[in-house]
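Please look over the sequence and the structure below before reading on. The report that follows takes up an enclosed space, some charged pairs and a part of the surface in turn.

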Amino acid sequence: MAGEPLYAAALCAGTAAWLTVGRDRGLKRARLLLAGGGAMEAAPWWSWERLPGALRPLLGSSGGARREWLCLPVGLVLAVLGESVVPLAAGAVAVPLVRRWLRARERRRDQERRAESVITLCGAVAGELRAGLQPGQALMLAAGSTGSIESTGALDGAEAAVLAAARFGGDVPQALREAAREPGADGLAGVAACWRVSVDGGAGLAAGLDRLEAALRAEQDQRQDLRSQLAGAWSTVTLLALLPVVALAMGWALGADPLRVLLHTPAGLACLTVGGVLEAAGVYWAARIVRAGEKA
């Protein structure tokens with residue numbers, strides 16, 4: 001019976017780690033080394049794709065739609081162990097915060113996929129132009145053959161306008177500039193500039209797209225390299241977030257009852273409140289520092 005709280009704490013720690021881990025350093029390093037190789041990426045061990053089929057409906061269609069609701073069972077376990085409703089209330093409060101964090105992470109992933117799709121689009125259009133197609137035909141054929149637009153959302157809502165302009169002789173550069181307003185799709189502004197120069201000045205569009213693709217690829221590699229270097233800092237932030245759980249587990253291992261002290265005594269409640277605020281502020285500040293390094 002003495003080991004049951006320790007097992008429960010370990011389960012909670014594992015769940016918290018699964019919720020907080022958002023980066024796979026080995027996968028990022030592979031992307032950096034194989035940039036432009038077109039190889040298929042294996043899903044990391046913690047991804048939604050590797051979950052058993054019976055668990056996927058509980059987490060939503062993409063693995064992130066309902067994952068925030070896992071805060072409630074974690075809070076329920078702690079509430080039962082500590083015989084208090086405080087952990088359950090904290091779990092309920094954490095649901096919108098975790099949802100916001102998951103959505104922000106998904107937006108960053110969409111932005112990265114959109115930037116990659118723009119690079120793919122540049123190379124595909126340049127290849128079709130060298131095959132002898134006209135620019136409009138090359139754009140439509142590249143979009144249909146590589147899926148760089150439909151599958152990853154390079155143009156998003158402006159897709160129909162761009163393809164219609166390419167098909168019927170409209171203002172393709174203007175449509176591309178409209179699509180470049182989406183986060184991660186700013187490379188389309190360069191495509192629009194190359195398109196405009198090739199039409200107005202007679203310059204080779206394929207050569208311009210090749211140079212643009214090389215520049216965008218170099219910028220993407222630089223970002224990936226920076227993120228690989230900051231992986232250690234993110235590990236420190238994750239460790240900082242998990243330290244209170246480790247401390248609780250150590251207390252149980254030593255035969256104490258930290259939850260009863262924290263949840264049923266005035267001093268414990270005061271320590272829990274102050275410690276929670278300081279922990280949240282520390283994690284937020286550390287993550288903000290790392291984010292500033294990534295943006296720089």
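## The largest cavity

The largest cavity has a volume of about 30 Å³, and the model in which it is found is a predicted one. When the whole structure is searched, one cavity of 30 Å³ or more is found.

The residues that line the largest cavity are Leu121, Cys122, Val125, Leu139, Val191, Trp195 and Leu209. Sorted by kind, the residues of this lining are seven nonpolar, no polar and no charged. Two helices, α5 (86-130) and α9 (187-201), each supply at least two residues of the lining, and the largest share, three residues, comes from α5.

## Salt bridges and helix α5

Side chains of opposite charge can pair when their charged atoms come close. A search of the whole structure finds eleven salt bridges, and among them is the one in which the side chains of Arg99 and Glu68 meet, with a distance of 3.1 Å from N to O. Arg99 lies in helix α5, whereas Glu68 lies in the loop between α3 (56-59) and α4 (71-82), so this pair ties together parts that are 31 residues apart in sequence. The two partners can also be described by their accessibility: Arg99, with a relative accessible area of 22%, is partly exposed, while Glu68 is buried because its relative accessible area is 2%, and buried means under 20%.

Helix α5 also takes part in another salt bridge, in which the side chains of Arg130 and Asp210 meet at 1.7 Å from N to O. This pair links distant parts of the chain, with Arg130 in helix α5 and Asp210 in helix α10 (residues 205-229), 80 residues apart. Arg130 is exposed, with a relative accessible area of 52%, and Asp210 is partly exposed, with a relative accessible area of 25%.

## A network around Arg260

Which residues are linked with Arg260 in a network of salt bridges? The network is made up of Glu83, Asp257 and Arg260. Within it, Glu83 forms a salt bridge with Arg260, and the closest N and O atoms of the two are 3.1 Å apart. Here too distant parts of the chain are linked, since Glu83 is in the loop between α4 and α5 and Arg260 is in helix α12 (residues 258-264), 177 residues apart.

Is Glu83 buried or exposed? With a relative accessible area of 52%, Glu83 is exposed, because exposed means over 50%. Arg260, by contrast, has a relative accessible area of 38% and is partly exposed.

## A nonpolar patch and helix α13

On the surface, Val85, Val86, Leu269 and Leu272 form a nonpolar patch, and together these residues have about 300 Å² of accessible area. Leu269, one of the residues in this patch, is found in helix α13 (residues 266-295), and its relative accessibility of 34% makes it count as partly exposed.

Gly275 is likewise found in helix α13, and at 32% relative accessibility Gly275 counts as partly exposed. Where the fold places Gly275 relative to Pro244 can be given as a distance: the C-alpha atoms of Gly275 and Pro244 are separated by 9.0 Å, and these residues are 31 residues apart along the chain.

Notes
Residues are numbered from 1 along each chain as its sequence is written. This is a predicted model: local features need pLDDT of at least 70, side-chain atom pairs count only at pLDDT 80 or more; totals for chains, interfaces and linings use all residues. Side-chain values use heavy atoms; hydrogens and water are left out. On a 1 Å grid over the protein atoms alone, a cavity is a set of points where a 1.4 Å probe fits but cannot get out, and a pocket is an open set with protein on both sides within 12 Å along at least five of seven lines; lining residues have an atom within 4 Å of a point. Grid points are joined across faces, edges and corners, and a volume is the space filled by probe spheres set on the points. Helices (H or I, at least four residues) and strands (E, at least two) are DSSP runs, numbered from the N terminus. Ala, Val, Leu, Ile, Met, Phe, Trp, Tyr, Cys and Pro count as nonpolar, Asp, Glu, Lys and Arg as charged, and the others, Gly among them, as polar. A salt bridge is a side-chain nitrogen of Lys or Arg within 4 Å of a carboxyl oxygen of Asp or Glu. Buried means under 20% relative accessible area, exposed over 50%, partly exposed in between (1.4 Å probe, protein chains only). Patches are made of residues with over 30% relative accessible area and no salt bridge: like charges are joined within 9 Å, nonpolar side chains (Val, Leu, Ile, Met, Phe, Trp, Tyr) within 5 Å. Accessible areas come from the Shrake-Rupley method with a 1.4 Å probe; for residues, only the protein chains shown count as cover.
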